[in-house]
Amino acid sequence: MTLLPVEVHCHGFAGVDFSEFSLLDLELLEQVCAREGVLSIPTLYLHHHRLGEFEKFMRRYDAMRRAGRIPHVVGVALEGPLLSSHGGTPADTVWAPTRAEWERLARLGDLGLCYMVLSPDAFSPASDFHGQTFDRHPGFEWIVPLLLGHGVRPALGHFTRTDPELSARLVTDIVDIAWDTEWNGKGARVVTDHLFNDMPLNIRHAFRTTRARATRDATLASYDLPGWTLDAMDEIAGPVPAAIMRAAAAGRIAACINFDGEHVDLAIASRAVGLMGLENSMMMTDRCDSARLGGQDLTQGEENGLWYQEGGIVAAGSQPLAQQMRNAMGHEIKGPRLWDLAAGTAHRAFGLTALEAGQLPDGMLAATREQWAALDIADAA
């Protein structure tokens with residue numbers, strides 16, 4: 001049977017900023033996904049004052065989903081708001097929910113909110129939240145079981161760079177909490193934001209300019225990618241990616257990684273998924289199709305296809321899933337292995353395995369093998 005690929009963690013299709021959720025035409029998104037032959041998990045930013053609007057949007061999404069009107073839009077995700085380092089995320093979409101607000105957010109899992117990106121070191125001394133959280137702001141020992149109880153997975157990402165060892169221990173703590181929590185949902189209990197981005201690293205993970213690319217081959221040769229092992233990853237890449245990669249290899253995390261060659265070098269991304277296992281790794285696009293995201297204007301330069309916010313900070317990518325699949329094929333991830341990376345792991349992680357070719361709703365099969373064949377990816381199916 002053929003699984004449709006899943007655009008995990010995408011920010012905007014067809015010129016639409018998903019974070020403008022009150023204006024989001026879900027039926028148009030459905031049409032775009034059907035045309036491209038993908039399922040999607042639109043990922044939104046949430047301003048504090050718009051929580052009530054987001055709840056209304058999720059009720060609208062759930063009603064349309066249950067009515068069978070948007071079968072390609074298989075879930076909704078939030079990037080934030082509890083991010084210790086906002087990176088390319090709009091600063092005013094980063095905030096610490098109170099207990100009452102966490103309860104409101106968690107209940108949205110019943111309506112299709114499938115994961116929230118949060119920072120394991122959000123309450124550490126180096127976090128942007130340090131000194132701003134109080135008794136009304138609960139810790140992860142309370143937050144994680146609450147989210148999981150409603151089917152909302154914590155997605156680990158956006159780390160500080162001050163104390164990598166502490167951040168890595170906090171990754172392990174959250175994974176342990178999740179695995180000690182009763183889980184009545186389907187699929188993975190913990191996922192991640194994109195591996196290697198927005199975390200402390202010992203390596204250069206991307207070569208985004210002409211000047212950087214001039215030294216790429218020599219730099220990668222010095223890293224000895226074929227010699228990488230999980231046991232040595234603390235020293236090679238750093239404690240945080242090491243903690244994530246080892247947990248993924250153990251089947252305790254479904255890890256996202258970008259294959260646009262701009263967020264992460266493709267040779268590094270390919271080696272990482274080889275170590276974690278394709279069955280534990282998900283391709284994510286971080287895709288935005290327009291120059292606006294989360295209420296902020298973005299720009300592109302001539303050096304790469306990334307979108308940048310003010311100050312030269314990377315905000316999003318621009319490559320659709322089909323192109324990222326071609327990129328992976330160029331690094332010998334082909335056939336069933338590619339389909340696992342682009343489809344299988346995401347289906348398992350988010351409990352989508354019923355969406356197989358023989359069980360898809362009417363009209364969805366038209367955009368599977370024939371459509372991907374036109375994109376020269378047919379041998380992956």
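A cavity, for today, is a set of grid points where a 1.4 Å probe fits but cannot get out. With that in hand: this structure holds one cavity of 30 Å³ or more. And please keep in mind throughout that we're talking about a predicted model.

So, the overall picture. The protein chain has 13 helices and twelve strands. It runs to 381 residues, and 61% of them are buried. If you take contacts between residues at least 6 apart in sequence, 79% of those join residues at least 24 apart. On the outside, the chain exposes about 14,600 Å², with carbon and sulfur atoms supplying 50% of that.

Back to the cavity. What lines it? The list is Phe 13, Ala 14, Val 16, Phe 18, Leu 24, Asp 25, Leu 28, Leu 29 and Val 32. The volume comes out at about 40 Å³. Let me pick on Val 32 for a second. Val 32 sits in helix α1, which covers residues 26-36. At 3% relative accessible area, Val 32 is buried, because the cut-off is under 20%. Leaving out residues up to four places away in sequence, Val 32 touches Phe 13 and Ala 14, and both of those are on the cavity lining too. There's also His 72, 40 residues away from Val 32 in sequence, with a C-alpha to C-alpha distance of 9.2 Å.

Okay, charges. Side chains of opposite charge can pair when their charged atoms come close. A search of the whole structure turns up eleven salt bridges, and I'll walk through a few.

Take Arg 104 and Glu 55: their side chains meet in a salt bridge at 2.7 Å, N to O. That pair links distant parts of the chain, with Arg 104 in helix α3 and Glu 55 in helix α2 (residues 51-66), 49 residues apart. Arg 104 is partly exposed at 28% relative accessible area, while Glu 55 counts as buried at 14%.

Next one: Asp 234 and Arg 246, at 2.8 Å, N to O. Here too the pair links distant parts of the chain, Asp 234 being in helix α8 (residues 233-236) and Arg 246 in helix α9 (residues 239-249), twelve residues apart. Both ends are partly exposed, Asp 234 at 24% and Arg 246 at 31%. And then there's a little network, where salt bridges that share partners join Asp 62, Arg 65 and Arg 66.

One more pair: Glu 53 bridges to Arg 50, with the closest N and O atoms 3.2 Å apart. Glu 53 is partly exposed at 35% relative accessible area, whereas Arg 50 is buried at 9%.

Now the one I'd like you to look at on screen, Glu 101. It's in helix α3, residues 99-107. Glu 101 is buried and yet has no salt bridge. Why doesn't Arg 104 count as a partner, at 5.5 Å? Arg 104 is the nearest side chain of opposite charge, but 5.5 Å falls outside the 4 Å limit, so the pair isn't a salt bridge. What Glu 101 does contact, beyond its neighbours within four places, is His 48, Leu 51, Trp 95 and Ala 96.

Also touching α3 territory is Trp 142, from helix α4 (residues 140-149). Trp 142 is partly exposed at 26%. Not counting residues up to four places away, Trp 142 touches Arg 99, Trp 102 and Glu 103. Its C-alpha is 9.4 Å from that of Ile 177, which is 35 residues along the chain.

Some backbone oddities for the force-field people. The Gly 80 to Pro 81 peptide bond is cis, omega near 10°, and Pro 81 is in the loop between β3 (76-79) and α3. Then we have positive phi in non-glycines. Phe 196 has one of about 85°, in the loop between β6 (191-194) and α6 (210-213). Glu 332 has one near 65°, in the loop between α11 (321-329) and α12 (335-349). Are these two buried or exposed? Phe 196 counts as buried, at 0% relative accessibility; Glu 332 counts as exposed, at 55%.

Last stop, α11 itself. Seven of its nine residues are buried, so this helix is largely enclosed by the rest of the structure. Among the buried ones are Leu 321, Gln 324, Asn 327 and Met 329. That's it from me.

Note on methods
Residues numbered from 1 in each chain as written. Predicted model: local features only at pLDDT ≥ 70, side-chain atom pairs only at ≥ 80, totals over all residues. Heavy atoms only, no water. Helix = DSSP H or I, 4+ residues; strand = E, 2+ residues; numbered from the N terminus. Buried < 20%, exposed > 50% of the residue type's maximum accessible area, 1.4 Å probe, protein only. Contact = heavy atoms within 4.5 Å. Areas by Shrake-Rupley, 256 points an atom, 1.4 Å probe, with all protein chains shown as cover. Lys, Arg positive; Asp, Glu negative; His and termini not counted. 1 Å grid on protein atoms, 1.4 Å probe; cavity = no way out; pocket = protein on both sides within 12 Å on 5 of 7 lines; lining within 4 Å. Points joined across faces, edges and corners; volume = space filled by probe spheres on them.
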